[in-house]
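Thank you all for coming. I would like to walk you through a structure that may be new to you, and I will go through it one region at a time.

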Amino acid sequence: MNKPLLLELIIDIGNTSIAFALFKDNKVDLFIKMKTNLMLRYDEACRFFEENFNFNVNQVFISSVVPVLNGIFENVIFSFLKIKPLFISFDLDYDLTFDPYKSGKFLLGSDVFANLVAAIENYSLENALIVDLGTACTIFAVSRQDGILGGLINSGPLINFNSLLDNAYLLKKFSISTPCNLLERTTSESVNSGLFYQYKYLIEGVYRDIKKMYRKEFNLIITGGNANLLLPLIELEFIFNIHLTVEGIRILGNSIVF
């Protein structure tokens, strides 16, 4: 039996999880994740591919912030799919509709870079503020006219939550959820409120300040695996796109100038 034809496999190797997206007809056809394991073995990665990717793939693009895993995936992909994957990076040459580094080049993680490119290219925006709530909370601004403006990086919600539990003797582990009130009356509910409202005020504060700073309107785009619980608290108009990073990786992979 012939395998169904899917053209592109996009892999985003992150600190907490690794996302795999199969694109068909310019859309995400399959999106799955595996937990990041720094000790991942070749045979384990092969087994994961055998169980999940019974497809023909023409291109594979990878973004990685965990370089120790790059060789494993490069070897597995070549063995399983007979393709040499392309790794995207902030410092390669790309043929895009705008110049990301018009205001000057600086060091960026490939996932952050992919988010910024996807915001401008996918949505045809002039100015955007992109929030990625994952292991880290990254908030970066980009402009079609001026390129990447810069940003800030904070620890993500789960990192903050686990750090507090590890360092507060009387706190016991509990499930986090979207808080019902700003001011709560129990310790666990107050921790939950503090956890999410700090990101609400951070995002909304940065958004309002950059509008004043640049005297421009910005579109707010939110992505990341830990974003869902925060979204009901945000009192600004925003676009939520869980696939923003893999879409950006795909755009960059197809835009590399050789």
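Let me begin with a hairpin, which is formed by β1 and β2 with 3 residues between them. Please keep in mind throughout that what you see is a predicted model. Within that hairpin, β1 and β2 run antiparallel and are joined by 6 bridges, and one place to look for the pairing is Ile11, which stands opposite Phe20 in β2.

β1 has a further partner, because strand β4, residues 59-64, pairs with β1 in the parallel sense, again over 6 bridges. If you would like to find that pairing on the screen, look for Ile13, whose bridge partner in β4 is Ser64.

How many of the residues of strand β1 are buried? The strand covers residues 8-13, and 6 of its 6 residues are buried, which leaves β1 mostly covered. In a regular strand, as a general matter, the side chains alternate between the two faces of the sheet. In β1, Glu8, Ile10 and Asp12 point one way, while Leu9, Ile11 and Ile13 point the other way, and the residues of both sets are buried.

Let me now turn to another sheet. In what order do the 5 strands of the open sheet come? The order is β8-β7-β6-β9-β10, and the pairing in this sheet is mixed. The strands at the edges, each pairing on one side only, are β8, residues 147-155, and β10, residues 239-240.

Going across from the β8 side, β7 and β8 run antiparallel and are joined by 8 bridges, and among these pairings Ser143 has Gly147 in β8 as its bridge partner. Further along, β6 and β9 run parallel with 5 bridges between them, and here Leu129 is matched with Leu220 in β9. Then 2 bridges join β9 to β10, which also run parallel, and Ile221 has Ile239 in β10 as its bridge partner. As for strand β9 itself, residues 219-223, 4 of its 5 residues are buried, so this strand is largely enclosed by the rest of the structure.

That brings me to the interior. In soluble globular proteins, nonpolar side chains tend to be buried together. In this model the largest nonpolar core has 32 residues, and those with the most contacts inside it are Leu108, Phe113, Leu116, Ile130, Val142 and Leu252. Two or more residues of this core come from each of β2, α3, β6, β7 and α6, and the largest share, 8 residues, is given by α3. Leu116 is a useful residue to follow here: once its neighbours within four places in sequence are left aside, it is in contact with Phe98, Leu108, Ile130, Phe140, Val142 and Ile148.

Finally, let us consider the largest pocket, which holds about 660 Å³ of space. It is lined by 31 residues, of which Gly14, Asp111, Asp132, Gly134 and Thr135 are the closest to its centre. What mixture of residues makes up the lining of the largest pocket? There are 12 nonpolar, 15 polar and 4 charged residues. Several elements each supply at least two residues of that lining, including β2 (17-24), β3 (27-35), α3 (110-123), β6 (127-133) and β7 (136-143), together with the helices α4 (157-167) and α6 (244-253).

I will stop there, and I would be glad to go back to any of these regions.

Conventions: Residues numbered from 1 in each chain as written. Predicted model: local features only at pLDDT ≥ 70, side-chain atom pairs only at ≥ 80, totals over all residues. Heavy atoms only, no water. 1 Å grid on protein atoms, 1.4 Å probe; cavity = no way out; pocket = protein on both sides within 12 Å on 5 of 7 lines; lining within 4 Å. Points joined across faces, edges and corners; volume = space filled by probe spheres on them. Helix = DSSP H or I, 4+ residues; strand = E, 2+ residues; numbered from the N terminus. Nonpolar A, V, L, I, M, F, W, Y, C, P; charged D, E, K, R; others polar. Core = buried A, V, L, I, M, F, W, Y, C linked by side-chain atoms within 4.5 Å. Buried < 20%, exposed > 50% of the residue type's maximum accessible area, 1.4 Å probe, protein only. Contact = heavy atoms within 4.5 Å.
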